[in-house]
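Reader: I'd love a close look at one part of this model, the place where two helices pack against each other. Could you walk me through that contact and then place it beside the sheet?

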Amino acid sequence: MSFELPVGRHLVREAEPADEPALWELFQACADYFEAATGLPPGPGDVQSLFYSLPEGAGWADKHVLVVVAPDGEVVGLVDAVLRHPDPASCATGLFLLHPHVRRQGLGTAVAGALLAHAAALGVTRVTASVPDGWLPGERFLTARSFTLAAEPDIRETVGNRRAGPRERAVRRAELRLPA
């Protein structure tokens, strides 16, 4: 499936195999997130596992790894989403990363707004996400977008279709209801 969504001067599109080196650079630049989520810096296998991580019960056709591309062609962001999960009217969001040099400039807000509008146009009425417990940038980002954070963290034994690592933090689940 081909997906392209202009967001200001940036473009959100489906990731391609040629994007893997740029995604590895993005993961390294976003080590703060990985350390908050897993207790470890990102590893080279994390990029490939992104493409193979799928929540139980989800279909491969509904998995979308999207990249945010700057006007100069640099991959500056990533959004991992699974449509129709955990139910037909929902979308589960995994990673939502922005390179540190574009954070706090409104790009995340613009990308999230465009993707939420696109999801609503597809009939999505609920978007779920999670954030490492205590990772304030992620919690603030979600609540600023009107997501409701769960009161208590959720300790996970599995993440998608893999076992959680020994240093992985609990996560706070978040949910946003979209108008039908």
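Author: Happily; what follows starts with the helix pair and then turns to the sheet.

Please keep in mind that this is a predicted model. The pair consists of helix H1, residues 20-29, and helix H3, residues 45-52, whose axes come within 9 Å. These axes cross at roughly 110°. Angles of 65 to 115 degrees count as roughly perpendicular, and H1 and H3 are therefore roughly perpendicular to each other. The crossing in which H1 passes H3 is right-handed.

As for the residues involved, H1 contributes Glu20, Leu23, Trp24 and Phe27. On the H3 side, they meet Asp46, Val47, Gln48, Leu50 and Phe51. Sorted by class, the contact of H1 with H3 holds six nonpolar residues, one polar residue and two charged ones.

Now to the sheet. Eight strands make up an open sheet with mixed pairing, and their order is E1-E2-E3-E4-E5-E6-E10-E7. Its edges are strand E1 (4-7) and strand E7 (148-149), each of which pairs on one side only. At the E1 edge, four bridges link E1 to strand E2 (residues 10-14), and the two run antiparallel. Within that pairing, Glu4 stands opposite Arg13 in E2.

Another helix belongs in this picture: H5, residues 136-144, lies across strand E5 (90-98), strand E6 (126-132), E7 and strand E10 (171-177). Relative to E6, H5 runs at about 160°. The edge strand E7 is thus one of the strands that H5 lies across.

Methods
Residues are numbered from 1 along each chain as its sequence is written. This is a predicted model: local features need pLDDT of at least 70, side-chain atom pairs count only at pLDDT 80 or more; totals for chains, interfaces and linings use all residues. Side-chain values use heavy atoms; hydrogens and water are left out. Two strands pair if DSSP finds at least two bridges between them. Contact means heavy atoms within 4.5 Å. Axes are lines fitted to C-alpha atoms, for helices over the stretch in contact, and angles run from 0 to 180 degrees between N-to-C directions. Angles under 35 degrees count as roughly parallel, over 145 as roughly antiparallel, 65 to 115 as roughly perpendicular and the rest as oblique. A crossing is left-handed if the near helix is turned anticlockwise from the far one by less than a right angle, and right-handed if clockwise. Ala, Val, Leu, Ile, Met, Phe, Trp, Tyr, Cys and Pro count as nonpolar, Asp, Glu, Lys and Arg as charged, and the others, Gly among them, as polar.
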